[in-house]
Structure formats: C-alpha cells, structure tokens
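Q: Please take a close look at one part of this model, the salt bridges between helices, and set that part in the context of the chain as a whole.

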Amino acid sequence: MRDFSPCSTPGELIHTHTHTPTTPHAHQLRPRRNIPGGDLSTVDEWSSVLALSTKWNFDTIRDLAIARLLRLASAIDRIVLARTYAIDEWLVPAYLELTKRSAPLSLAENMRLGMEAVTLLGHVRVQARGGLGIVKLSDASIAANIAQAMQQMAAEQEQQANEAGTGDH
C-alpha cells in the first residue's frame with residue numbers, strides 16, 4: 001500500500017510504504033548495526049552517535065554513547081566532546097589527566113583544545129608542578145584548581161561579552 005503525506009513544503013509530497021512486520025520489507029525498518037551490543041568501536045563512530053542522539057534528543061542512545069566514549073576517548077577528545085555536547089562531568093577528570101601527564105601538549109592537541117583550554121591547562125600545570133617538573137599536589141587539590149580556573153575563565157568570558165554588548169572596551 002502506498003501513502004502520500006503532505007510535507008512541510010507546499011506542493012511537495014512524501015512517498016511512504018506501509019508494511020506490516022510480517023512482510024518481506026520489514027527488515028528495512030530495523031537498524032543494520034547493533035549499537036547497544038557494541039557494534040561500533042571507534043571514537044569517531046561513537047562521536048557521530050553522540051552528535052545525532054543529542055540533536056534528536058535520544059537520551060538513552062546519548063547516555064550509551066557517553067558511556068562508550070568515556071572508555072575510548074583520549075583526554076583531549078573528552079574535553080572537546082564535553083564542551084561541544086555539554087558533558088560537564090568529563091571536564092575536570094580530563095584536565096586532571098592532562099595536568100598529571102609528563103609530556104607537553106602537541107601542536108595538534110593545542111589546536112584542538114583552543115586558546116582558552118590551553119591557557120587553563122598551562123596555569124593549572126604550573127600550579128601543580130611548582131616549577132619542579134613533577135606533580136607535587138594531590139589529585140583533589142589539582143581538581144579544585146581546575147574547577148576554580150574554569151570558573152574564572154567563564155567569568156572573564158562573560159565580562160568580555162558584556163563589555164562587547166555595551167560597546168565599552
């Protein structure tokens with residue numbers, strides 16, 4: 001059976017097929033991938049799931065993507081994804097991981113994070129290491145410094161936005 005339904009654009013029709021689950025075409029209605037079972041395996045694949053599930057408000061699939069990405073994604077990936085898709089609980093642990101890392105950020109990592117995040121991370125790394133090259137603060141102290149630096153950065157950005165809105169420089 002064919003149905004023609006009105007579309008949002010005047011004069012345009014959507015052609016749909018109506019089938020019962022027992023018809024040979026029912027396979028077309030089922031997903032071809034086993035997402036909950038772990039058919040996806042890369043950060044890129046799960047990032048796509050996160051993007052679409054967030055856009056379409058599929059909360060259960062979004063939660064699944066967040067859980068999978070937490071295990072797969074690097075600290076850099078988690079920061080970028082957290083800022084893009086409002087996963088605030090990822091920020092402090094990811095910054096903590098980068099603060100404790102002995103290797104400096106690469107140019108590619110710096111570019112992915114952006115100026116604000118690199119500045120925040122540099123500030124916290126200096127505090128945590130005290131110029132000695134080794135981490136001398138506890139994880140809890142570093143996490144508190146990260147949270148404080150994030151709040152300061154947000155306040156500065158808000159102040160700059162307010163000044164730009166009023167024309168004061």
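A: The account below begins with the chain, then turns to the core and finally to the charged pairs.

The model is predicted, and the protein chain averages a pLDDT of 81, with 74% of the residues scoring at least 70. Confidence is not even along the chain: over residues 1-20 the pLDDT stays under 50, and the model has 21 contacts beyond four places in sequence for that stretch. Residues 23-30 are also below 50, and this stretch has 3 contacts beyond near neighbours in sequence.

The protein chain holds 7 helices and 2 strands, and from the N terminus on, the two strands precede the helices, in the order β-β-α-α-α-α-α-α-α. Of its 169 residues, 28% are buried. The exposed surface comes to about 11,300 Å², of which carbon and sulfur atoms supply 57%. Among contacts between residues at least 6 apart in sequence, 42% join residues at least 24 apart.

The nonpolar interior gives the setting for the charged pairs. The largest nonpolar core has 34 residues, and L50, L69, Y95, L98 and L113 touch the most other members. Two or more residues each are given to this core by α1 (43-55), α2 (59-72), α3 (75-85), α4 (91-100), α6 (115-129) and α7 (139-166). Helix α3 provides the largest share, 6 residues. For L50, the contacts outside four places in sequence are R62, A65, I66, L69, L81, Y85 and I87.

Helices α3 and α4 deserve attention here. L91, in helix α4, counts as buried because its relative accessibility is 9%, under the 20% cut-off. The C-alpha atoms of L91 and I79 are separated by 5.7 Å, although the two residues are 12 apart along the chain. Beyond four places in sequence, L91 touches I79, A82, R83 and M150.

The structure holds 4 salt bridges, of which three are described here. Side chains of opposite charge can pair when their charged atoms come close. In one pair, R78 and E97 meet through their side chains at 2.6 Å, N to O. This pair links distant parts of the chain, with R78 in helix α3 and E97 in helix α4, 19 residues apart. R78 counts as buried, at 8% relative accessibility, whereas E97 is partly exposed, with a relative accessible area of 43%.

Helix α3 also takes part in a salt bridge between D77 and R112, at 2.7 Å, N to O. Here R112 lies in helix α5 (residues 107-113), 35 residues from D77. D77 is buried, with a relative accessible area of 15%, and R112 is partly exposed at 42%.

Helix α4 is likewise joined to helix α7 by a salt bridge between K100 and D139, the closest N and O atoms being 2.9 Å apart. These two residues are 39 apart in the chain. Both partners are partly exposed: D139 has a relative accessible area of 36%, and K100 one of 40%.

A nonpolar patch on the surface offers a contrast to these pairs: L52, W56 and F58 form it, with about 320 Å² of accessible area together. F58 is found in the loop between α1 and α2 and is partly exposed, with a relative accessible area of 45%.

Methods:
Residues are numbered from 1 along each chain as its sequence is written. This is a predicted model: local features need pLDDT of at least 70, side-chain atom pairs count only at pLDDT 80 or more; totals for chains, interfaces and linings use all residues. Side-chain values use heavy atoms; hydrogens and water are left out. Helices (H or I, at least four residues) and strands (E, at least two) are DSSP runs, numbered from the N terminus. Buried means under 20% relative accessible area, exposed over 50%, partly exposed in between (1.4 Å probe, protein chains only). Contact means heavy atoms within 4.5 Å. Accessible areas come from the Shrake-Rupley method with a 1.4 Å probe; for residues, only the protein chains shown count as cover. pLDDT is the predictor's confidence in each residue, from 0 to 100. A nonpolar core is a set of buried Ala, Val, Leu, Ile, Met, Phe, Trp, Tyr and Cys residues joined through side-chain atoms within 4.5 Å. Patches are made of residues with over 30% relative accessible area and no salt bridge: like charges are joined within 9 Å, nonpolar side chains (Val, Leu, Ile, Met, Phe, Trp, Tyr) within 5 Å.
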